[in-house]
Amino acid sequence: MGERKLKFQDRWMFNRVLCEEEVCRKVLRAALGIEAGEIAYLNAEQCFEPLAAGRGVRLDVFARGDGRVYDIEMQVARERDLGRRMRYYQAAMDVGELGSGEDFGALPESYVLFFCRHDAYGKGEPAYVIERRCGAHPDLAVGDASPWVVLNASAWEASADPGLRDVLRYLRTGEAEGPLSSEIDALVGVFNEDREWVDRVLTYEQETEMRCRKAREEGREEGREEGREEGREEGREEGEARLAVLVGALLADGRSEDVAAAVEDKVRREELYAELGI
């Protein structure tokens, strides 16, 4: 059996590839039509250290360039609450951008950008640009300068921009045919040769899967206890579902250590339920 390799859509590979400034600049140009200029990474360390656990939200690639800030995310699985997730990420980006007493006009233009292998909204568009507007007057833009962009790799053929079409096709099919996808694919090959890093990533993923499995088992046991106490089947289902929601929220925020605590420590689990309002 050969060594396992990471693909571009694997979160850690995606992060590391986009920590290559020139590639990131080209991806932003293709996806947003923006010339980003010099890019400063605000979370570059997590591109290389997947075992680092963070509190709060954990953005995939968080960068600043030419007075704008960008959160660039890879989304492989379907996300039921994608809108709320983007809202939360937007808030996380904005909260540190103003100093005490600064005017709201100093907030930079910001973008939350999701690369999805599937059609998140089912309308067949290769790119969904979501902006806040007035319901009674759709032509009235709020002017918050913070669009959300959700890309749909399953509709890559419909993209008018050749660069975006190239990247989305690569994400969907794994075939590098254009200049940008070929550049990305070459980096994927180079980074897969860094076996120390790949092994760290795979170990992290295996540990996370074990914690998820244990959480599901713990959730079933918690549900059975609640069901016995309350004398109904709903108690079992609610306990299992509640813990699953907690684990999912913690994993989405990169809080792997808290996942372990939630599974192993009932007191800490209740604290996390209260903290996250679950």
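In this predicted model, helix α5 (residues 162-173) and helix α6 (residues 179-192) have axes that come within 7 Å and cross at roughly 40°. That angle makes α5 oblique to α6. Here is a handy idea to keep in mind: two packed helices are described by the angle between their axes and by the distance between those axes.

Let's see who takes part in this meeting. From α5 come Gly163, Asp166, Val167 and Tyr170, and they meet Pro179, Leu180, Ser181, Ile184, Asp185 and Val188 of α6. Sorted by class, the contact of α5 with α6 has 6 nonpolar, 2 polar and 2 charged residues.

One of these residues is worth a visit. Serine 181 has its place in helix α6. Is serine 181 buried or exposed? Its relative accessibility is 0%, so serine 181 counts as buried; the cut-off for buried is under 20%. Leaving aside residues up to four places away in sequence, serine 181 touches Asp166, Tyr170, Glu175 and Ala176.

Now let's turn to a strand. In strand β6 (residues 148-152), 5 of the 5 residues are buried, so β6 is largely enclosed by the rest of the structure. Which way do the residues of β6 point? Trp148, Val150 and Asn152 point one way, while Val149 and Leu151 point the other way. This fits a simple rule: in a regular strand, the side chains alternate between the two faces of the sheet.

Strand β6 also has partners, set out in this table.

| Partner of β6 | Sense of pairing | Bridges | Residues standing opposite |
|---|---|---|---|
| β4 (residues 109-116) | parallel | 5 bridges | cysteine 116 and asparagine 152 |
| β5 (residues 127-130) | antiparallel | 4 bridges | alanine 127 and leucine 151 |

The two residues of β6 named in the table, Asn152 and Leu151, point opposite ways from the strand, and both are buried.

Finally, step back to view the protein chain as a whole. How many helices and strands does its secondary structure come to? There are 10 helices and 6 strands. Of the 278 residues in the protein chain, 42% are buried. The protein chain exposes about 14,400 Å², and carbon and sulfur atoms supply 49% of that area. The contacts tell us about the fold too: among those between residues at least 6 apart in sequence, 61% join residues at least 24 apart. When you look at the structure above, try finding α5 and α6 where their axes cross at roughly 40°, and then look for the buried strand β6.

Definitions and conventions:
Residues are numbered from 1 along each chain as its sequence is written. This is a predicted model: local features need pLDDT of at least 70, side-chain atom pairs count only at pLDDT 80 or more; totals for chains, interfaces and linings use all residues. Side-chain values use heavy atoms; hydrogens and water are left out. Buried means under 20% relative accessible area, exposed over 50%, partly exposed in between (1.4 Å probe, protein chains only). Contact means heavy atoms within 4.5 Å. Accessible areas come from the Shrake-Rupley method with a 1.4 Å probe; for residues, only the protein chains shown count as cover. Axes are lines fitted to C-alpha atoms, for helices over the stretch in contact, and angles run from 0 to 180 degrees between N-to-C directions. Angles under 35 degrees count as roughly parallel, over 145 as roughly antiparallel, 65 to 115 as roughly perpendicular and the rest as oblique. Ala, Val, Leu, Ile, Met, Phe, Trp, Tyr, Cys and Pro count as nonpolar, Asp, Glu, Lys and Arg as charged, and the others, Gly among them, as polar. Two strands pair if DSSP finds at least two bridges between them.
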